[in-house]
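Student: I would like to learn how to read a structural model one feature at a time. Could we begin with its pockets, and go on from there to helices, cores and backbone angles?

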Amino acid sequence: MDINDTNQKEALFSPGCEPVVEDEERRRLLWLMAEYFRTIGYTDIKARLPGFMPPPILSGTIEDHRPDFTCRQTDSARTPIILEVVTPEMVEDPTAENRWSLLASAAKLYNAELHFVVPKWSPIGPVDAALKRRLARMELLVNRVWLV
């Protein structure tokens, strides 16, 4: 396959469905989580990173989205995890609601845990508290918010 064919096919992905995360801060946090989960022995790791198989696209009623990261835990049920990286700019982004709602619905459907990852420090203040408030307003069930 020609590189131009690949670029043209990737251009067909709608926002949130690209196989690789373009934002450098999100990509950095995603690399850390992928390495952490691989180190503790989780399996079936899929990530929107170069060199990884991307997670499958989830079909929504309003729009489709690809999770940032998925894997399976080492428990007896091999419980799936759906993970989303959130930067400070994304916390109050109104377009994130459809994406996060779709991820939460998929987690419920697949008996998966829904995790979010935020930077430990931000010039605008604690991102985890703001994200938790927003997710609570949206009435989304989240298993864990990681500070990295």
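Student: By class, how many nonpolar, polar and charged residues does the lining of the largest pocket have?

Tutor: Please keep in mind throughout that this is a predicted model. When reading a pocket, one sorts its lining residues by class, and here the lining of the largest pocket has 10 charged, three polar and four nonpolar residues. The lining is made up of 17 residues, and those nearest the centre of the pocket are Pro-15, Gly-16, Arg-26, His-65 and Arg-99. The space in this pocket comes to about 340 Å³.

Student: What volume does the second largest pocket have, and which residues lie closest to its centre?

Tutor: Its volume is about 270 Å³, and of the 15 residues lining it, Pro-56, Thr-70, Pro-80, Ile-82 and Tyr-110 are the closest to its centre. Two or more lining residues come from each of the strands β1 (43-47), β2 (69-72) and β3 (80-85). Sorted by class, the lining of the second largest pocket has 11 nonpolar, one polar and three charged residues.

Student: Turning to helices, what span does α3 reach, and what span is expected?

Tutor: One sets the distance from the first C-alpha to the last against the value expected at 1.5 Å a residue; for α3, which runs over residues 96-109 and has 14 residues, the helix reaches 20 Å, close to the expected 20 Å.

Student: Which residues of α3 are buried, and what covers them?

Tutor: The buried residues of the helix are Ala-96, Arg-99, Trp-100, Leu-102, Leu-103, Ala-104, Ala-106 and Ala-107. Their cover includes α2, β3, β4 (113-118) and α4 (127-137).

Student: Which members of the largest nonpolar core touch the most other members?

Tutor: This core has 23 residues, and those touching the most other members are Ile-82, Val-86, Trp-100, Leu-114, Phe-116 and Leu-131. The elements that give two or more residues to this core are α3, β4 and α4, and α3 gives the most, with seven residues. Another core, of 18 residues, lies apart from it and has Leu-30, Phe-37, Ala-47 and Leu-83 among its members.

Student: Leaving aside neighbours within four places in sequence, what is Ile-82 in contact with?

Tutor: With those neighbours set aside, the contacts of Ile-82 include Pro-67, Phe-69, Leu-103, Ala-106, Leu-114 and His-115.

Student: Thr-87 lies in the loop between β3 and α3; is Thr-87 buried or exposed?

Tutor: Thr-87 counts as buried because its relative accessibility is 3%, and the cut-off for buried is under 20%. Apart from neighbours within four places in sequence, Thr-87 is in contact with Asp-23, Glu-25, Arg-26 and Pro-119.

Student: How should I read the sign of phi, and where do I find Asp-44 and Arg-78?

Tutor: Most residues other than glycine have a negative phi, so a positive value deserves a second look. Asp-44, which lies in strand β1, has a positive phi of about 55° although it is not a glycine. Arg-78, in the loop between β2 and β3, likewise has a positive phi, near 50°. Asp-44 counts as partly exposed because its relative accessibility is 39%, and Arg-78 is partly exposed, with a relative accessible area of 39%. Just after α3, Asn-111 takes a positive phi of about 50°.

How values were computed: Residues are numbered from 1 along each chain as its sequence is written. This is a predicted model: local features need pLDDT of at least 70, side-chain atom pairs count only at pLDDT 80 or more; totals for chains, interfaces and linings use all residues. Side-chain values use heavy atoms; hydrogens and water are left out. On a 1 Å grid over the protein atoms alone, a cavity is a set of points where a 1.4 Å probe fits but cannot get out, and a pocket is an open set with protein on both sides within 12 Å along at least five of seven lines; lining residues have an atom within 4 Å of a point. Grid points are joined across faces, edges and corners, and a volume is the space filled by probe spheres set on the points. Ala, Val, Leu, Ile, Met, Phe, Trp, Tyr, Cys and Pro count as nonpolar, Asp, Glu, Lys and Arg as charged, and the others, Gly among them, as polar. Helices (H or I, at least four residues) and strands (E, at least two) are DSSP runs, numbered from the N terminus. The expected span of a helix is 1.5 Å times one less than its number of residues. Buried means under 20% relative accessible area, exposed over 50%, partly exposed in between (1.4 Å probe, protein chains only). Contact means heavy atoms within 4.5 Å. A nonpolar core is a set of buried Ala, Val, Leu, Ile, Met, Phe, Trp, Tyr and Cys residues joined through side-chain atoms within 4.5 Å.
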